[in-house]
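Welcome, and please open the model in your viewer. We will go from stop to stop, with something to select at each one.

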Number of protein chains: 2
Amino acid sequence: MNTRTALLDSAERAARQRGYDGFSYADLASDIGIRKASIHHHFPKKADLARELIDRYATRFADQLSEIAAAEPNAAAKLRAYHGLYRDALGAGTQLCLCVAFSAGRDSLTEPVLDQLNTFHARSTAWLSLVFEEGAVDGSVANLTDAADDARATLALMEGAQLLARAAVDLSLFDQATAAFLCRLSPSQMH
Amino acid sequence: MNTRTALLDSAERAARQRGYDGFSYADLASDIGIRKASIHHHFPKKADLARELIDRYATRFADQLSEIAAAEPNAAAKLRAYHGLYRDALGAGTQLCLCVAFSAGRDSLTEPVLDQLNTFHARSTAWLSLVFEEGAVDGSVANLTDAADDARATLALMEGAQLLARAAVDLSLFDQATAAFLCRLSPSQMH
DNA sequence: TCGCAACTACCTACTACTAGGTAGGTAATT
DNA sequence: AATTACCTACCTAGTAGTAGGTAGTTGCGA
């Protein structure tokens with residue numbers, strides 16, 4: 001792993017724990033073991049770092065959604081896996097999804113970062129809409145309304161549940177907040 | 001209105017827009033028109049300010065919940081009013097509920113502030129549980145599961161919907177994210 | 001294969017500014 | 001007289017960023 005990737009990893013951890021305004025180049029320098037000024041070689045401005053952080057996070061998340069779409073047999077299984085992505089992203093309640101962490105401090109972000117943040121949300125919503133449409137056909141999801149509304153509600157629920165768990169550093173709050181959602185999903189089929 | 005209250009108002013606006021790490025005593029001094037050092041007379045440390053902010057916010061919110069409980073005839077009406085509190089708190093998508101704004105930067109908060117933040121969430125959840133129990137009796141809310149689960153899911157949905165709307169500064173995202181939730185509520189009775 | 005120019009990835013040193021906070025002072029108020 | 005609510009002046013620490021330097025690496029022509 002090279003220094004540039006190590007810096008991105010360190011920055012992601014810091015941002016997901018404390019938000020964009022809650023970490024500094026000094027934090028990353030200390031974590032990685034290089035001088036603060038050296039970071040500017042890789043990322044001339046902090047906004048450049050933020051842009052690359054969210055670009056790679058969105059790409060990785062899109063890949064994960066594609067894997068779920070390919071691997072899971074029905075809408076319920078896809079939604080359960082989607083839920084799992086958000087639950088795993090929490091760690092033990094010690095960090096948030098990068099986009100949740102960035103959203104609260106959005107006034108500190110540059111236009112390209114905000115564009116990518118909103119694109120992330122739009123793409124998540126679009127993916128979820130397709131899944132809920134599939135659920136309307138395969139019957140594996142209960143209490144469906146409009147697919148786009150269900151999609152946005154699900155995204156909001158995941159982000160909100162993360163915030164509750166993060167506030168108390170208690171993963172079980174995420175589980176409780178999303179228990180009713182999981183109840184809507186048909187159990188996985190035995191094979 | 002005295003200076004102390006003006007400072008709390010200014011700090012609340014700033015914190016709800018940019019989070020705890022995103023504003024400073026200098027911002028408040030500039031807004032109110034006193035010197036930065038003068039703020040320390042009212043709030044010796046920034047953490048003291050945060051504590052008073054969240055205390056008064058929680059008190060005000062609890063009062064609002066009591067008013068809703070007293071004024072609304074059934075669970076659906078109470079939930080619609082609750083939804084309205086979160087929607088109104090957004091402004092035009094320019095700010096968040098204080099507890100949402102504080103949650104993302106929770107590592108910067110002191111223990112008393114965190115305790116109050118988590119108490120806020122617990123009290124909201126308890127109030128919502130009672131409302132969902134009422135809904136199970138009066139039949140005004142559809143698709144009920146466990147009252148405590150429904151309560152936490154609702155709180156998460158409101159906080160998450162706020163984040164989505166805040167990220168894009170677009171109130172309609174809040175409305176879309178909560179549309180399915182509102183569909184579960186019986187229409188208000190005509191009198 | 002070698003020498004060398006260009007480049008990379010760091011370094012030290014520094015700038016300008018911001019942040020939270022303290023100390024001592026003063027005019028107005030109680 | 002004591003207290004309050006501000007003030008100026010200043011402190012330490014932190015922040016993002018720049019400039020110039022250097023050792024190591026790379027690529028290429030001879």
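## First stop: a lysine at a base

Start by selecting A:K36, where a polar side-chain atom lies 2.9 Å from a base nitrogen of DNA strand D. Keep in mind as you look around that this is a predicted model.

Now switch to the other strand and select B:K36. One of the polar atoms in the side chain of B:K36 is 2.8 Å from a base nitrogen of DNA strand C.

## Around DNA strand D

Next, show everything around DNA strand D: you should find 16 residues, and the closest are A:K36, A:K46, B:R35, B:S38 and B:H42. Of the strand D atoms that come within 4 Å of the protein, 62% belong to sugar and phosphate.

Two phosphate contacts are worth a zoom here:

- Select A:K46 and look at the backbone: a polar atom there is 2.7 Å from a phosphate oxygen of DNA strand D.
- Select B:H41 and look at the side chain: an N or O atom in it is 3.0 Å from a phosphate oxygen of DNA strand D.

Now colour by helix. Which elements each supply at least two residues of the surface near DNA strand D? They are α2 (25-32) and α3 (36-42) of chain A, together with α3 (36-42) of chain B. The biggest giver is α3(B), with four residues. If you recolour by residue class, this surface shows six nonpolar, six polar and four charged residues.

## Around DNA strand C

Move the selection to DNA strand C. It is surrounded by 16 residues, and the closest are A:R35, A:S38, A:H42, B:K36 and B:K46. Sugar and phosphate make up 61% of the strand C atoms that come within 4 Å of the protein.

Again, here are two phosphate contacts to pick out:

- Select A:T3: an N or O atom in the side chain is 3.1 Å from a phosphate oxygen of DNA strand C.
- Select B:Y25: a polar backbone atom is 2.9 Å from a phosphate oxygen of DNA strand C.

For the helices, highlight α3 of chain A along with α2 (25-32) and α3 of chain B, each of which supplies at least two residues of the surface near DNA strand C. Here α3(A) gives the most, with four residues. By class, the surface near DNA strand C divides into six nonpolar, six polar and four charged residues.

## Where the two chains meet

Hide the DNA for a moment and bring up both protein chains. How many residues does each chain bring to the contact? The answer is 38 from chain A and 38 from chain B. Between them, the two chains bury about 3200 Å², and carbon and sulfur atoms carry 64% of that. On the chain B side, select B:R152, B:L163 and B:L164: these lose the most area to chain A, together 18% of what that side buries.

Turn next to the polar links. There are eight residue pairs in polar contact between chain B and chain A, counting pairs with both residues at pLDDT 80 or more. On the side of chain B that touches chain A, the elements giving two or more residues are α1 (3-18), α6 (98-104), α7 (111-138), α8 (147-168) and α9 (171-183) of chain B. Give α8(B) a colour of its own, as this helix contributes the most, with 15 residues. That side of chain B is made up of 19 nonpolar, ten polar and nine charged residues.

Two salt bridges cross the interface. For one of them, select A:D107 and B:R166 and look for the closest N and O atoms, 3.0 Å apart.

## Along the axis

Now superpose the chains: a turn of 180° with a shift of 0.0 Å along the axis lays chain B on chain A with an RMSD of 0.0 Å. The two copies are thus related as by a two-fold rotation axis. Both copies use the same surface, and 100% of the contact residues of chain B recur in chain A. To find the axis on screen, select B:G160, whose C-alpha comes closest to it among the residues of chain B, at 1.9 Å.

## Last stop: a link inside chain B

Over all chains, the count comes to 26 salt bridges. Finish with B:R4 and B:E52, whose side chains meet in one with an N to O distance of 2.5 Å. This pair links distant parts of the chain, with B:R4 in helix α1 of chain B and B:E52 in helix α4 (residues 46-71) of chain B, 48 residues apart.

Key:
Residues are numbered from 1 along each chain as its sequence is written. Chains are lettered from A and ligands numbered from 1 in the order in which they are written. This is a predicted model: local features need pLDDT of at least 70, side-chain atom pairs count only at pLDDT 80 or more; totals for chains, interfaces and linings use all residues. Side-chain values use heavy atoms; hydrogens and water are left out. Contact means heavy atoms within 4.5 Å. Buried area is the accessible area (1.4 Å probe) that two parts lose on being put together, summed over both. A salt bridge is a side-chain nitrogen of Lys or Arg within 4 Å of a carboxyl oxygen of Asp or Glu. A polar contact is a pair of N or O atoms within 3.5 Å; within protein, one must be able to donate a hydrogen and the other to accept it, and residues adjacent in sequence count only if both atoms are side-chain atoms. Ala, Val, Leu, Ile, Met, Phe, Trp, Tyr, Cys and Pro count as nonpolar, Asp, Glu, Lys and Arg as charged, and the others, Gly among them, as polar. A residue is near a molecule or strand if one of its heavy atoms lies within 4 Å of it. Copies are superposed by least squares on the C-alpha atoms of residues with pLDDT of at least 70 in both.
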